[in-house]
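Reader: I would like to learn how to read a model like this one, feature by feature. Could you give me the general idea each time and then the case at hand?

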Amino acid sequence: MSKVKYFYDPDTLSYRKIEPKKSRRYRNLSLFLLGSAIFGLLGLTIILNTSILNTPRELSLQREVKNYELQFELLGKKMEQMEQVLANIEDRDNNIYRLYFEANPIPEEQRRAGFGGVNRYKSLEGFNNSEMITGTTKRMDIIQKQMVIQSKSLDEITKLAAEKEKLLAAIPAIQPISNDKLTRMASGYGWRSDPFTKARKMHWGMDFTSQKGTPIYASGGGKVSRADNNSSGYGKHIRIDHGYGYISLYGHLSNYNVKAGQRVERGDLIGFVGSTGRSEAPHLHYEVWKDGDRINPINFYYGSLTAEEFENMLKYATQENQSLD
């Protein structure tokens with residue numbers, strides 16, 4: 001209730017009520033309303049910038065958003081670790097594994113290529129954290145693609161390794177007669193004197209002298225393609241097709257221990273020393289073929305000779321003497 005004010009009227013010698021003017025009353029009312037509005041707006045602004053009016057649901061959502069932001073940060077660190085591990089594997093893949101198995105390295109741009117064409121991240125746009133979400137998703141997609149490429153590369157390396165193991169098992173890599181059974185290494189690959197005509201001619205293999213009946217072993221794994229005496233000069237002989245373009249030939253045998261079509265492994269007993277065909281004395285004539293050409297067998301004894309034994313063989317094999325066939 002507003003206070004009533006009075007003033008003393010000397011004319012009437014009495015107190016009279018002061019009546020306020022209508023203009024002042026309107027002004028005071030306007031000032032009051034304006035002040036109330038200003039204070040109301042200030043209060044509302046303060047309230048909106050605090051959590052005073054936030055509902056429990058809104059507070060829960062705010063906490064959830066902060067938790068998601070933290071999870072994305074942790075995910076980014078994990079992806080960084082994955083990228084480092086992948087980079088290490090890729091480096092070994094290109095510079096060790098693929099180099100060893102003679103496979104072409106995978107280009108860096110192929111490993112880390114993005115995804116062109118249609119915008120596959122359009123559905124992630126329009127949110128408060130769209131940039132962070134899109135960037136993380138792109139990064140994960142690239143890592144996934146790197147892993148797929150690396151997985152396929154390792155599958156290829158596994159196949160190459162298996163093939164290399166087969167190749168190493170197939171190559172004629174041991175001496176076909178044991179050293180303790182040899183009389184001597186009579187003649188090597190190269191120009192030699194023919195034992196019958198005495199003319200100088202090319203000798204396409206190596207001659208190992210030994211007693212008749214001495215065991216002869218397969219120098220590498222493969223399939224026996226021939227075991228007969230139907231080839232001029234070789235007498236009873238065996239040919240083994242090792243695959244990969246390699247063939248080994250064993251001539252002047254006294255007998256066979258295998259037959260055509262049979263598969264053998266390196267070191268299997270295949271026949272016995274003899275002097276059949278065009279031969280001057282019991283010995284084994286041994287040849288190695290690669291892609292249809294006869295090559296020096298001395299380069300294929302790494303699987304059975306010591307360094308000293310190989311040096312002695314090389315010494316005798318390079319002498320231009322008389323062959324035995």
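Reader: Let me begin with a single residue: is Asn94 buried or exposed?

Author: Before answering, I should say that this is a predicted model, and what follows is to be read in that light. The general idea is to compare the relative accessible area of a residue with a cut-off, and a residue under 20% counts as buried. Asn94 has a relative accessible area of 14%, so Asn94 is buried, given that the limit is 20%.

Reader: Where does Asn94 lie, and which residues is Asn94 in contact with once its neighbours within four places in sequence are left aside?

Author: Asn94 lies in helix α2, and, with those neighbours left aside, its contacts are Leu99, Pro105, Ile106 and Arg111.

Reader: What does UniProt list for residues 65-92?

Author: The UniProt record, an unreviewed entry, lists residues 65-92 as "coiled-coil region", and such an annotation may be inferred rather than shown by experiment. In the predicted model the chain over residues 65-92 is 100% helix and 0% strand, and the C-alpha atoms at the two ends of that stretch are 41 Å apart.

Reader: Turning to charged pairs, how many salt bridges does a search of the whole structure find?

Author: The search finds 5 salt bridges. For each pair one can read the distance between the closest N and O atoms, then the place of the two residues in the chain, and then their accessibility. Glu83 and Arg139 form one such salt bridge, with the closest N and O atoms 3.0 Å apart. This pair links distant parts of the chain, since Glu83 belongs to helix α2 (residues 56-100) and Arg139 to helix α4 (residues 130-170), with their positions 56 residues apart. Glu83 is partly exposed at a relative accessible area of 27%, and Arg139 is partly exposed at 29%.

Reader: Which residue forms a salt bridge with Asp228, and is Asp228 buried or exposed?

Author: Arg226 forms a salt bridge with Asp228, the closest N and O atoms being 3.1 Å apart. Asp228 is buried, with a relative accessible area of 17%, whereas Arg226 counts as partly exposed at 25% relative accessibility. A further salt bridge joins Asp291 and Lys290, where the closest N and O atoms are 2.7 Å apart. There Asp291 is exposed, with a relative accessible area of 55%, while Lys290 counts as partly exposed at 23%.

Reader: How should I read a sheet, and what is the order of the strands in the open sheet of 3 strands?

Author: In general, the strands of a sheet pair through backbone hydrogen bonds, in either a parallel or an antiparallel way. The order here is β7-β13-β11, and the pairing is antiparallel. The edge strands, β7 (215-217) and β11 (253-256), each pair on one side only. Neighbouring strands of this sheet are turned by 35° against each other on average, with direction ignored. Strand β11 pairs with strand β13 (residues 269-273) over 3 bridges in the antiparallel sense, and Gly271 in β13 is the bridge partner of Tyr256.

Reader: To close, how many helices and strands does the protein chain have, and what share of its residues count as buried?

Author: The protein chain has 5 helices and 15 strands, and 30% of its 325 residues count as buried. The chain exposes about 21200 Å², of which carbon and sulfur atoms supply 56%. Among contacts between residues at least 6 apart in sequence, 64% join residues at least 24 apart.

Conventions. Residues are numbered from 1 along each chain as its sequence is written. This is a predicted model: local features need pLDDT of at least 70, side-chain atom pairs count only at pLDDT 80 or more; totals for chains, interfaces and linings use all residues. Side-chain values use heavy atoms; hydrogens and water are left out. Helices (H or I, at least four residues) and strands (E, at least two) are DSSP runs, numbered from the N terminus. Buried means under 20% relative accessible area, exposed over 50%, partly exposed in between (1.4 Å probe, protein chains only). Contact means heavy atoms within 4.5 Å. Accessible areas come from the Shrake-Rupley method with a 1.4 Å probe; for residues, only the protein chains shown count as cover. A salt bridge is a side-chain nitrogen of Lys or Arg within 4 Å of a carboxyl oxygen of Asp or Glu. Two strands pair if DSSP finds at least two bridges between them. Axes are lines fitted to C-alpha atoms, for helices over the stretch in contact, and angles run from 0 to 180 degrees between N-to-C directions.
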